[in-house]
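Reader: I'm in my first year and still learning how to read a protein model. Could you take me through one part slowly, and then show me what surrounds it?

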Amino acid sequence: MISDVPSLAQTHMQGPLKVNGSGKALTKEELDDVKIDLENMKATHGWKEPDRSFMNDPNTAWRFGGPPDYSLTNFKYLKERSKIHPDGSLEQVVENLVKTWEMERSHKLDATQHQSVDVNKFRISANGGKVYNNQEANKVGNYNVLLDAASSDLWDNEKNTWEDSHDAFHKSFAAFPWEVLDVYSGPPKVAFTWRHWGHFTGTYESNNGNGELVEMFGFGTAIVNDKLQLENVEIFYNAEDFITVLRGEKRIENTNDNW
């Protein structure tokens with residue numbers, strides 16, 4: 001278990017909300033203001049926060065000592081998303097399932113407690129890289145899985161532990177929301193496009209962000225069982241663009257040409 005995080009709202013992404021030169025996480029006062037803004041936005045527009053399931057089991061072994069607080073991420077998601085899917089739509093179901101999986105993979109230490117996946121059948125790969133089973137993916141962490149196929153000059157899985165991989169990015173953004181764009185087929189094999197984004201207010205390696213919007217777009221397929229648990233996931237996106245933008249080696253306007 002790890003406990004030295006600024007708050008349960010910034011366990012992985014620990015950058016400032018705005019560029020301020022400090023590179024530090026949000027203060028309690030800033031986070032309280034975000035929570036007020038979130039409630040006001042929900043009341044004004046009638047919006048709902050994403051539904052991440054399986055957060056209330058008292059026997060859960062939490063990586064950071066307790067269940068995560070997604071108020072900051074949800075605020076940025078609701079405010080900056082490009083699609084508003086109807087309640088009960090397939091797009092919303094897929095989005096909530098993936099968000100639940102991300103929560104469990106990032107915050108639950110014991111892979112056998114991950115209820116969004118079939119723990120015996122689950123497999124995941126990215127960009128044609130190594131296919132990881134449930135225990136393997138949990139051990140190395142999401143970043144190492146999703147960057148497995150990247151060239152070693154961009155990302156070297158053999159040198160990055162779970163902790164190293166998360167430390168590499170946690171000063172870059174205050175939050176890094178994710179949304180489903182479109183769903184092209186329903187269960188058992190779901191095909192979908194997605195967007196992942198954040199304002200680069202912090203630092204990555206030796207490069208300082210200026211608050212610019214960094215976006216990733218991609219597509220994926222997910223085979224689910226009759227309980228809507230994930231069995232096999234394949235993700236595709238441009239990892240090189242993402243890393244080189246954060247390093248300051250590529251201009252944002254020269255990325256995502258096809259999106």
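Author: Happy to! Let's begin with a pair of charged side chains: Glu39 and Lys42 meet in a salt bridge, with 3.2 Å from N to O. Keep in mind as we go that this is a predicted model. As background, side chains of opposite charge can pair when their charged atoms come close. Here the positions along the chain help, because Glu39 and Lys42 sit 3 residues apart in helix H1 (residues 28–45), a separation of about one helical turn.

How covered are the two partners? Glu39 counts as partly exposed, because its relative accessibility is 43%. Lys42 has a relative accessible area of 19%, and buried means under 20%, so Lys42 is buried. The pair also has company: salt bridges that share partners join Glu39, Lys42 and Glu49 into one network.

Now let's look further along the chain. The count of salt bridges comes to 14, and two others make a nice contrast with the helical pair. One of them joins Glu215 and Arg195, whose closest N and O atoms are 2.7 Å apart. This pair links distant parts of the chain, with Glu215 in strand E7 (residues 212–224) and Arg195 in strand E4 (residues 189–200), 20 residues apart. Glu215 is partly exposed because its relative accessible area is 27%. Arg195, on the other hand, has a relative accessible area of 5% and is therefore buried.

Another salt bridge is formed by Glu231 with Lys121, and here the closest N and O atoms are 3.9 Å apart. The cut-off for a salt bridge is within 4 Å, so this pair counts. Glu231 belongs to strand E8 (residues 230–237), while Lys121 is in the loop between H3 and strand E1 (123–126), so the pair ties together parts that are 110 residues apart in sequence. Glu231 has a relative accessible area of 16%, so Glu231 is buried.

That brings us to the strands around this link. E1 and E8 pair in the parallel sense over 4 bridges, and Ser125 has Glu234 in E8 as its bridge partner. E1 also pairs with strand E2 (residues 132–133), this time in the antiparallel sense over 2 bridges. There, Arg123 has Asn133 in E2 as its bridge partner. E1 and E2 form a hairpin with 5 residues between them, and Asn127 in the turn has a positive phi of about 55°.

Let's go back to the helices. Helix H2 (residues 71–80) is mostly covered, with 9 of its 10 residues buried. Among those buried residues are Leu72, Phe75, Tyr77 and Leu78, and also Lys76 and Glu80. What covers them? The cover includes H1, where we started, along with H3, strand E3 (178–185) and E4. Two of these are already familiar: H1 holds Glu39 and Lys42, and E4 holds Arg195.

Helix H3 leads us out to the surface. Val93 lies in H3 (residues 90–107), and Val93 counts as partly exposed because its relative accessibility is 35%. Together with Leu90 and Leu228, Val93 makes a nonpolar surface patch of about 200 Å².

To retrace the route on your screen, find Glu39 and Lys42 in H1, move to the buried residues of H2 that H1 helps to cover, and finish at the patch of Leu90, Val93 and Leu228.

Conventions: Residues numbered from 1 in each chain as written. Predicted model: local features only at pLDDT ≥ 70, side-chain atom pairs only at ≥ 80, totals over all residues. Heavy atoms only, no water. Patch = residues over 30% accessible without salt bridge, like charges linked within 9 Å, V, L, I, M, F, W, Y side chains within 5 Å. Areas by Shrake-Rupley, 256 points an atom, 1.4 Å probe, with all protein chains shown as cover. Buried < 20%, exposed > 50% of the residue type's maximum accessible area, 1.4 Å probe, protein only. Contact = heavy atoms within 4.5 Å. Pairing = 2+ DSSP bridges.
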